[in-house]
Amino acid sequence: MHIAVIGAGSWGTAITAVLGQKHHSVRLWVRSPELSRQIQVSRENANYLPGCKLPQSVLITPDLKEAAAGASLIVLATPSHAVRQTVAKLSSYVSPETILVNVAKGLELSSLKRLSETIVEELPAIANQIAILSGPNHAEEVALAYPTATVVAAKSRKVAEYIQDAFMQPYFRVYTNPDIIGVELAGALKNIIALGAGIADGLGFGDNAKSALMTRGLAEIARLGISMGANPLTFAGLAGIGDLIATCTSSHSRNRRAGLMLASGKSVNEIQTETSMVVEGIRATKAAYQLAVKQGIDMPITNQIYQVLYQNKSPKDAVFELMTRSRTHEVEEVALHNSSWD
């Protein structure tokens, strides 16, 4: 099996380490020639994942053709905003038998499409061989071979199980799920709630506030997802509540750290300037806000975080508005249909 990993951020590097320990032909595409040379010499991506040593068998290259040509499995690990343009460049090296798994989490802001939809538009010939891998997977912990579980979603069971077998390690357990919509949306939207968790921590609120934020955040993620065709059970799994817990509570979470910075009064521009890695939740908030309007779905937490990010609303005012909204039921469907209520 020839595997190409496209993108050498922290997650792409960690995945390369996982695959390189199991397979003899793994190639990592590094966009920067200078960074590529550094990794070739040190076998370590000091810029994005220091301490993670890549096996000597892994080929490091800034040449996309050298990395991807002839690959039976392509792992797309670029930031969400670069997915479409990267896939367009990859199209020359994709054969009808190629399987592609995207590990980025986000939405395409210009079109509001899920990333798999943008990939299919660029690579229609392999539409049924495109998969999504998502879950509570901090690169820093995967690099240390800490026990980790993830989920791969694909239309085809054969494709999902192919990827499952490719990635499975004693410390990296992979489950399969046919619900691409739910897995993708859960992975993209949990970053919004993580921004809120960072804001809550930064404002000095306690466990009560964070647990409420996460629970109600999951409810609105599921509400939007279900309206778009997702399976409700997906949001109770690894891609849903699992990833939400990890992203909202971990010191590794870029989105939570960005929320802390928002609480301290920093602007979006200041956060992006000071953060070397992409904070996916910033773009995801705008996309989810627009999707909620388009779908007619109530997403109060997303709405308030959007106003903090893009309309200069103070985090304290956003919290006050969330807490003083008009009364509602926790489970809307039960409130509407449970005949045991008077």
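1. Let's start with Lys190 and its company. In this predicted model, Lys190 touches Lys105, Ile221, Asp243, Leu244 and Thr247, leaving out anything up to four places away in sequence. Lys190 sits in helix 8. Is Lys190 buried or exposed? With a relative accessible area of 6%, Lys190 is buried, because the cut-off for that label is under 20%.

2. Asp243 is one of the partners just mentioned for Lys190, and Asp243 belongs to helix 10, which runs over residues 238-249. Its relative accessibility is 2%, so Asp243 counts as buried too. Beyond the residues up to four places away, Asp243 touches Lys105, Ser134, Gly135, Pro136, Gly187, Lys190 and Leu238. Which side chain makes a polar contact of 2.8 Å with that of Asp243? The partner is Lys105. If you have the model open, put Lys105, Lys190 and Asp243 on screen together: Lys190 touches both Lys105 and Asp243, and Asp243 touches both lysines.

3. Now for the record. An unreviewed UniProt entry has a "binding site" annotation covering Lys105, Gly135, Lys190, Asp243, Ser253, Arg254 and Asn255. Of these residues, the lining of the largest cavity includes Lys105. Bear in mind that such annotations may be inferred rather than shown by experiment.

4. Ser253 is on that UniProt list as well, and its place is the loop between helix 10 and helix 11. A loop residue can still be tucked away, and here Ser253 is buried because its relative accessibility is 2%. Setting aside neighbours within four places in sequence, the contacts of Ser253 are His138, Ala194 and Thr247. Thr247 is also among the residues that Lys190 touches.

5. Next along the chain comes Arg254, found in helix 11. Is Arg254 buried or partly exposed? At 25% relative accessibility, Arg254 counts as partly exposed, because that value falls between the 20% and 50% cut-offs. Not counting residues up to four places away, Arg254 touches Ser10, Met277, Val278 and Val279. With Ser10 there is also a polar contact between side chains, at 2.9 Å.

6. That pair brings us to the largest pocket. What is its volume? The figure is about 1100 Å³. The lining takes in 44 residues, and those nearest the pocket's centre are Gly9, Ser10, Ala77, Pro79 and Arg254. Helix 1 (10-20), helix 4 (83-90), helix 6 (139-143), helix 8, helix 10 and helix 11 each give two or more residues to this lining.

7. UniProt also lists, for "binding site" in the unreviewed entry, Ser10, Trp11, Arg31, Tyr48, Lys105, Ala139, Arg254, Val278 and Glu280. Lys105 and Arg254 appear here and in the list from point 3. Trp11 is worth a look: this residue lies in helix 1 and is buried, with a relative accessible area of 14%. Leaving out residues up to four places away, Trp11 touches Val103, Leu133, Asn137, Ala139, Val142 and Phe172. Ala139 is itself on the UniProt list with Trp11.

8. Glu280, another name on that list, is among the buried residues of helix 13. This helix covers residues 280-295, 16 in number, and spans 22 Å from its first C-alpha to its last, close to the 22 Å expected. Which residues of helix 13 are buried? They are Glu280, Gly281, Ile282, Ala284, Thr285, Ala287, Ala288, Leu291 and Ala292. In an α-helix, residues three or four places apart point the same way, because there are 3.6 residues a turn. The buried residues of helix 13 pack against strand 6 (107-108), helix 8 (180-202), helix 9 (207-227), helix 11 (254-263), helix 12 (268-274) and helix 14 (300-310). After the helix comes Gly296, with a positive phi near 70 degrees.

9. One last lysine. Lys313 is in the loop between helix 14 and helix 15 (315-323). Its relative accessibility is 13%, so Lys313 counts as buried. Leaving aside neighbours within four places, Lys313 is in contact with Gln304, Gln307, Val308, Ala318 and Glu321. The side chains of Lys313 and Glu321 are also joined by a polar contact of 2.7 Å.

Conventions:
Residues numbered from 1 in each chain as written. Predicted model: local features only at pLDDT ≥ 70, side-chain atom pairs only at ≥ 80, totals over all residues. Heavy atoms only, no water. Helix = DSSP H or I, 4+ residues; strand = E, 2+ residues; numbered from the N terminus. Expected span 1.5 Å × (residues − 1). Buried < 20%, exposed > 50% of the residue type's maximum accessible area, 1.4 Å probe, protein only. Contact = heavy atoms within 4.5 Å. 1 Å grid on protein atoms, 1.4 Å probe; cavity = no way out; pocket = protein on both sides within 12 Å on 5 of 7 lines; lining within 4 Å. Polar contact = N/O pair within 3.5 Å; in protein donor to acceptor, adjacent residues only side chain to side chain. Points joined across faces, edges and corners; volume = space filled by probe spheres on them.
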